[in-house]
Amino acid sequence: MDKIAVTGGTALHGTIPISGSKNACLPLMTAALLTDQTLTLTNVPNLADIGTLSNLLASLGATIDHDREANRLNLRVARLSSPLAHYDIVRKMRASILVLGPMLARDGAGTVSLPGGCAIGARPVDLHLKGLEAMGATLDLRDGYVHASVPRSVSGGRLRGVSHRFPFVSVGATENLLMAATLAKGTTRLVNAAREPEIVDLADCLSSMGAQIEGAGTGTIEIEGVDALSGTEHRVIADRIEMGSFMIAPAITGGDVTLEGGRIDLVSSLAGALDAAGVSVEEVPQGLRVRRRDDRLNPVSIVTEPFPGYATDLQAQMMALMTLADGTSSITEQIFENRFMHVPELARMGAQIDITGNTAQVTGVESLRGAPVMATDLRASISLLLAGLAAKGETVVSRVYHLDRGYERVEEKLRACGARIERISGDD
Ligand code: EPZ
């Protein structure tokens, strides 16, 4: 397993290009199941998760042509040759559940392995399943699989439009139902829907495939089902979580970094928190320019919330920054029940953090010290790298396969700004 070694203490200066969004690209890829024509995605990031979902789609019958150099992916599902999403692939990536809505919408049947929990929490899929049931699907949970079908008595075997209220906001359940509703009979109204930019990107792509959607990006989305969707070409939006992670790099080391393709509307909560911490975020023609205003970092308290609130996927990175603030900040995680696994690792580097329930009190220290640390999940991994960039001495982050799921060419991008960072290939 690869490791990454960082020697801290260098202020970063330069430009970092922002890749296409992993979390937008995954649902967009599953939208290919809704049509027999070709869906072309551009600005596709080269990441392990994209390969995993490609394998799953291929197992369902997709023909895939992926030009990695050009970040271009062509997907065509002329017919669903096998409506079974096998455990061996689904267990690697929870987003696999997003094939269920499109399969049911297209062919009225689908079988998907239940994804199971993961390191950051139990992460059930009950909201996805209840929504599809409300649209007329019959679900049978057995042998670790969801066997779903639409009886002929329901609109002749086609999902039906409903007014459905989510009990709380779920990004994935909103995406699954949005896709399912595009081919349903009648109008679907999704209330308390997620408002994340990835939902808007998906709705834009579906609309250009011929779907009738209104309200994406608000709490209520209305979808008028159509008989068929066509292919299209769609550019994946910029990755706001990669963007936010790299905004914290010059904030924690000092320096001046421009994020090429950065968009303030995608990271406004983070930009507000950084401003309060004493870090300026400025819109420039290439994207966003991030600089520390002075040597001192102010403590800032955050609470994670659905968009447009502070993103859970940027919580660990903010915590790394706050370990060096001049005072105590509190960080409350409301989305996932076990997303503080970076805390003991940051503590190994000298951070002072106390956890009570879902709140971490972070008392800033003078400096962090490099140490061997272990990545436990995707966003925890980048927070350890960020801490390493600011720490005295060398930090070696192991299990960086977590990082490779969501950050493309991370060492290269940081090295271009002066970071002393190396990948160490090989066995653990
Ligand atoms: C998406 O996960 C992202 N993944 C996550 O990114 C992100 O952290 C999360 O949204 C929240 O923003 C992708 O887009 C591929 P949810 P998702 O459904 O859709 C509970 C990263 O680091 N819940 O909004 O799975 C759930 O357990 C990742 O890139 C249910 O209880 O998240 C969680 O506590 C990790 N039942 C909360 O809702 C359900 O049926 C929000 O989850 C569905 C969710």
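Visitor: How do the residues of the shell around the ligand divide into nonpolar, polar and charged?

Guide: In this predicted model, the shell around the ligand is made of nine nonpolar, five polar and six charged residues. The ligand is surrounded by 20 residues, and the closest of these are D126, L127, S170, D313 and I335.

Visitor: Which helices supply at least two residues of that shell?

Guide: Four helices do this, namely helix 1 (22–30), helix 5 (126–134), helix 6 (171–182) and helix 12 (378–390). Among the contributors, helix 5 gives the most, with three residues in the shell around the ligand.

Visitor: Where does the ligand lie with respect to domain 1 and domain 2?

Guide: One can read such a position from the domains that give residues to the shell. Here domain 1 (3–19 + 238–424) and domain 2 (22–235) both contribute to the shell around the ligand, and therefore the ligand lies between them.

Visitor: Which polar atoms of the protein come close to an oxygen atom of the ligand, and at what distances?

Guide: A polar contact is read from a pair of N or O atoms within 3.5 Å. An oxygen atom of the ligand is 2.6 Å from a polar backbone atom of I335, while the side chain of S170 has an N or O atom 2.7 Å from a ligand oxygen. For R123, an N or O atom of the side chain is 3.0 Å from an oxygen atom of the ligand. As for cover, the ligand on its own has 840 Å² of accessible area, and the protein covers 86% of that area.

Visitor: Helix 12 was named among the helices of the shell; how many of its residues are buried?

Guide: A general idea helps first: an α-helix has 3.6 residues a turn, so residues three or four places apart point the same way. In the present case, 13 of the 13 residues of helix 12 are buried, and the helix is thus described as mostly covered. At the start of helix 12, a side-chain oxygen of D377 reaches to within 3.2 Å of the backbone nitrogen of R379.

Visitor: How many disulfides does a search of the whole structure find?

Guide: The search finds zero disulfides. To judge a pair of cysteines, one asks whether their sulfur atoms are within 2.5 Å of each other. The cysteine sulfur closest to that of C205 belongs to C25 and is 10.0 Å away, which is too far for a bond.

Visitor: Are C205 and C417 buried or exposed?

Guide: C205 is buried, with a relative accessible area of 0%, and C417 is also buried, with a value of 3%.

Visitor: What should I look for in the backbone angles, and which peptide bond is cis?

Guide: Most residues other than glycine have a negative phi, and most peptide bonds are trans. In this structure, the peptide bond from F307 to P308 is cis, with omega near 10 degrees, and P308 has its place in the loop between strand 18 and helix 10.

Visitor: Where do N192 and R409 lie, and what are their phi values?

Guide: N192, which is not a glycine, has a positive phi near 65 degrees, and this residue is found in the loop between strand 11 (187–191) and helix 7 (197–208). R409 is not a glycine either, and its phi is positive at about 50 degrees; R409 lies in the loop between helix 13 (401–404) and helix 14 (410–415). With relative accessibility of 26%, N192 counts as partly exposed, and R409, at 40%, is likewise partly exposed.

Visitor: Is a residue in a loop, such as L314, buried or exposed?

Guide: The value has to be read residue by residue. L314 lies in the loop between strand 18 (302–303) and helix 10 (315–322), and at 4% relative accessibility L314 counts as buried. Q37, by contrast, has its place in the loop between helix 1 and strand 3 (38–42) and is partly exposed, with a relative accessible area of 37%.

Visitor: How do separations along the chain and in space go together for L314 and T304, and for G287 and M341?

Guide: Each pair needs both numbers, one along the chain and one between C-alpha atoms. L314 and T304 are ten residues apart along the chain, with their C-alpha atoms separated by 8.7 Å. G287 and M341 are 54 residues apart in sequence, and from C-alpha to C-alpha they are 32 Å apart in space. G287 has its place in strand 17 (residues 287–292) and counts as buried at 7% relative accessibility.

Methods. Residues numbered from 1 in each chain as written. Predicted model: local features only at pLDDT ≥ 70, side-chain atom pairs only at ≥ 80, totals over all residues. Heavy atoms only, no water. Buried < 20%, exposed > 50% of the residue type's maximum accessible area, 1.4 Å probe, protein only. Near = heavy atom within 4 Å. Polar contact = N/O pair within 3.5 Å; in protein donor to acceptor, adjacent residues only side chain to side chain. Areas by Shrake-Rupley, 256 points an atom, 1.4 Å probe, with all protein chains shown as cover. Nonpolar A, V, L, I, M, F, W, Y, C, P; charged D, E, K, R; others polar. Domains from an automatic or database assignment.
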